[in-house]
Amino acid sequence: MGIGRQFDKPSIYQIKVKGCLDETWSDWFDTLMVVQCGDETLLTGQVRDQAGLHGLLGRIRDLGLPLLLVEIIQE
């Protein structure tokens with residue numbers, strides 16, 4: 001079994017981006033909690049697997065938001 005398989009399960013993530021998004025973006029980010037912190041935004045919530053994480057990161061890229069942090073806070 002590949003080492004990546006250990007991450008192919010639901011986990012709670014925090015993703016921090018440079019830029020301001022408000023809570024109305026929550027549905028677009030698969031219902032992650034969206035919190036503004038000055039000129040940064042923190043997205044927090046459960047991501048179903050690595051494919052879901054890559055989808056979220058693609059949305060962030062498509063918005064042109066610089067990615068600052070991706071962290072698993074609970075497996």
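Cys 20 is partly exposed, with 48% of relative accessible area. In this predicted model, Cys 37 falls in the partly exposed class too, at 41%. The two cysteines make a good place to start, and the table sets them side by side.

| Cysteine | Relative accessible area | Nearest cysteine sulfur |
|---|---|---|
| Cys 20 | 48% | Cys 37, 9.7 Å away |
| Cys 37 | 41% | Cys 20, 9.7 Å away |

A disulfide needs two cysteine sulfur atoms within 2.5 Å. The count of disulfides is zero: Cys 20 is in none, its nearest cysteine sulfur being 9.7 Å away on Cys 37.

Let us follow Cys 37 into its surroundings. Cys 37 sits opposite Glu 40 of strand 3. Strand 2, residues 33–37, pairs with strand 3 in the antiparallel sense, and five bridges link them. Together these strands make a hairpin with two residues between them. Gly 38 lies in that turn and has a positive phi of about 70 degrees.

Strand 3 also leads us to the interior. Which elements each supply at least two residues of the largest nonpolar core? They are strand 1 (11–18), strand 3 (40–47) and helix 1 (50–63). This core has 13 residues, and Ile 15, Phe 29, Leu 32, Leu 43, Val 47, Leu 56 and Ile 60 are those with the most contacts inside it.

Leu 32 is a handy residue to zoom in on. Leaving aside residues up to four places away in sequence, Leu 32 touches Ser 26, Leu 56 and a run of neighbours comprising Leu 43, Thr 44, Gly 45, Gln 46 and Val 47.

Methods: Residues are numbered from 1 along each chain as its sequence is written. This is a predicted model: local features need pLDDT of at least 70, side-chain atom pairs count only at pLDDT 80 or more; totals for chains, interfaces and linings use all residues. Side-chain values use heavy atoms; hydrogens and water are left out. Buried means under 20% relative accessible area, exposed over 50%, partly exposed in between (1.4 Å probe, protein chains only). A nonpolar core is a set of buried Ala, Val, Leu, Ile, Met, Phe, Trp, Tyr and Cys residues joined through side-chain atoms within 4.5 Å. Helices (H or I, at least four residues) and strands (E, at least two) are DSSP runs, numbered from the N terminus. Contact means heavy atoms within 4.5 Å. Two strands pair if DSSP finds at least two bridges between them.
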